[in-house]
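Trainee: Could we go through this one together? I'd like to begin with the empty space inside and then turn to the helices.
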Amino acid sequence: MVRSEQGWTRGRWHLSLGGLGLGLGLGLSLSACPGPPGGLSECTSLCQSAYACGVIPSALGNGIASSDEETVVNSCIDRCQSSDPSRNDVTVVKECLSRYQPTDAVDVCAPECAQVVSCMRSAAFTGDIGAESLGTSNVTVTMVPADLWLSTKENASWCPEGIGEVPLLREYYGGEEVVGTMTDLLAKTALSYDVLLTGLNGAADAEARLDVLDAMETGVFGGDYLLPASLLPTLRAELVADGWATPSVVDGDLVPGGCVRQLIHDTADALLDGIDLADPASVAARLEEEVSGEDAFEVFSSGFSVCQQNADYIGVTGAKGCEQTITGTDKCRVFGKPMCSIGDCDGGLAGCDPLMCFFEQLPPSRACSDLGIDEVFLGYERDGTKFIDQEPLLCDGTVIEAVFPEVAVSVVTPFAVVRGRLKSIGQIPGMETLRCGSSEGAPAPELSEEIAADVGEPAPGGARSSVSDPFSDPEPGSYCWVVHGDATQVVAGDRALVVPSPFVEFLREAIKPASRFGLIAPQLPIGCACELDPSRCENLANGNCRDGKDNDGDGLADYYAPECAGFVDTLPYYEAPAEVDASDIEACAGAPDGS
């Protein structure tokens, strides 16, 4: 799909430049002009600067986006040498380009490049030069599979022992810090089960039992208690559906409350059975189980197999991003180099990021199937404005990508809006599957006819019609996520931007010990509503954790949402994902001035 920036129009040439350049009406004047032409040495330096900083191909040198470096630079040199140095517009262009003089290698990260682009953008705005002097980019945004992203962008995080070695999970899970932290969490969980059962057994009536759940929920959100993410909302649904009246025939608890008590005991046994909380070795043995067996392999295999792939990427200088200090501050802007084009993959990688050199044109198939993705909308953000392709891309086995023409030379952040439905819709209060109570006594959740027709099954790609607004609120049980790529410098010509599969974030979170034990759900990508309006984010601070609603649209609500957990998961195996935005600044000690 092809979309251009709304509101972006190619400017016309100012100062009567039309007709001066071989009939093209573009670029620096190319006709026989009064005054001496630019010298070869000077023009070569200026045009290398223009190429290094990404402002050509443009009217300054071969406006064809797909042209190779040599063709573009030589065209620029020819036009420069044929230009009249007495003209004001030529003088301004030369003054802007002379702010960066590349020597051994071109580098878009050079702080002077920011000055070059800023100078030319300002001159185009004031009319001192034509807008076409500052080239634009035809950008292809692609969603890449998790294994490609992890084996390149995050190889060092996933493979801390070395880029060619698989990390030793057993050593990590059996380490003193993890064992100590998990022992404390499990001890709090055991205490919470005791308080819960004591309260329910002592409650006089149905209202009092609900009061017990209210008190437990308050304690969980306050950090005093800790229970598996699904237990309290499930118990509330059971009690509302008169589940307390049901005995437990299997367990022999034939008095009221038997079924509910058995439900509680079953979840406690699954979590704590066989663990001696007074013995660290016992906890370590239980942790060992979480990194072995078929279930663990299913979770971890996709992540750790990548340690054997694409190790060459880490050794390429182009893989490192750019840092430019903000003038007058101790902060700097951090962003990625432009993605290398196919022609760059055999050499010349110092000025670009070679990620796409490793891309094998594969779709994010596992994310589509395991996360129930229906459709994807691709876009990018520039200077706080989002541009998005309104046409949905389906998980149908083809590469997920969209083309955006005439994107301004700047730092932009690619993103994807991902819509679909989790495999189980029992993660919204009131939508749980009942074991003890009667569904006739429980309020029915409001579902669309289509979702109600196949509750609990992921929708196949393309099964639902596209929404009118990619960011619109999803149906209960469905989700709308925003997945960000890295802020990246866009330069003139045909360029690529990449967005990781949402399975990357799922894997980051699923490997945490507390997630493996079920004490906290793996955090999902940010919900669309939260992306657009921070007041709709699901967290304790804004009161959105106890209203029964999926406020942020990520498919999880209240107690199910990890953002609402009463404790901080302090054991990430990986670096916590940073917020990505083209305008973000970070601490950048010692970086060069990028004003």
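Mentor: Let us begin with the largest cavity, bearing in mind that this is a predicted model. The largest cavity is lined by 15 residues, and those lying nearest its centre are Val220, Leu519, Tyr559, Ala565 and Gly566.

Trainee: What volume does the largest cavity have?

Mentor: Its volume comes to about 110 Å³, and the count of cavities of 30 Å³ or more is 2.

Trainee: How do the lining residues divide into nonpolar, polar and charged?

Mentor: The lining of the largest cavity divides into 14 nonpolar residues and 1 polar residue, with no charged ones.

Trainee: Val220 came up there, so which helix contact does Val220 take part in?

Mentor: Val220 belongs to the α9 side of the contact with α10, where Arg209, Leu210, Leu213, Asp214, Met216, Glu217 and Val220 meet Leu232, Leu235, Arg236, Leu239 and Val240 of α10. By class, the residues of this contact are 8 nonpolar and 4 charged, with no polar ones.

Trainee: And how do the axes of α9 and α10 cross?

Mentor: Helix α9 covers residues 206-221 and helix α10 residues 231-240, and their axes come within 10 Å and cross at roughly 165 degrees. Because of that angle, α9 is roughly antiparallel to α10, and the crossing in which α9 passes α10 is left-handed.

Trainee: What about α8 and α9, at what angle do they pack?

Mentor: Helix α8, residues 176-202, packs with α9 at an angle of about 160 degrees, and their axes are 9 Å apart. That angle makes α8 roughly antiparallel to α9, while the crossing in which α8 passes α9 is right-handed.

Trainee: Which residues meet there?

Mentor: From α8 there are Ser192, Val195, Leu196, Gly199 and Leu200, which meet Arg209, Val212, Leu213 and Met216 in α9. This contact divides into 6 nonpolar, 2 polar and 1 charged residues. Among the α9 residues here, Arg209, Leu213 and Met216 are also listed in the contact with α10.

Trainee: Moving to the other end of the numbering, how do α1 and α2 pack?

Mentor: Helix α1 (residues 40-52) and helix α2 (residues 69-81) pack at about 135 degrees, with their axes 9 Å apart. An angle of that kind makes α1 oblique to α2, and the crossing of the two is right-handed. On the α1 side the contact is made by Leu40, Cys43, Thr44, Leu46, Cys47 and Tyr51, and on the α2 side by Glu69, Val72, Val73, Cys76, Ile77, Cys80 and Gln81. By class, that gives 10 nonpolar, 2 polar and 1 charged residues.

Trainee: And the loop between α1 and α2, which proline lies in it?

Mentor: Pro57 lies in that loop, and the peptide bond joining Ile56 and Pro57 is cis, with omega at about 10 degrees. For context, most peptide bonds are trans, and most residues other than glycine have a negative phi.

Trainee: Which residue has a positive phi although it is not a glycine?

Mentor: Asp242 does, with a phi of about 60 degrees. Asp242 is found in the loop between α10 and α11, the latter covering 258-272.

Technical notes
Residues numbered from 1 in each chain as written. Predicted model: local features only at pLDDT ≥ 70, side-chain atom pairs only at ≥ 80, totals over all residues. Heavy atoms only, no water. Axes fitted to C-alpha atoms, helices over the stretch in contact; angles between N-to-C directions. Helix = DSSP H or I, 4+ residues; strand = E, 2+ residues; numbered from the N terminus. Parallel < 35°, antiparallel > 145°, perpendicular 65-115°, else oblique. Left-handed = near helix turned anticlockwise from the far one by under 90°. Contact = heavy atoms within 4.5 Å. Nonpolar A, V, L, I, M, F, W, Y, C, P; charged D, E, K, R; others polar. 1 Å grid on protein atoms, 1.4 Å probe; cavity = no way out; pocket = protein on both sides within 12 Å on 5 of 7 lines; lining within 4 Å. Points joined across faces, edges and corners; volume = space filled by probe spheres on them.
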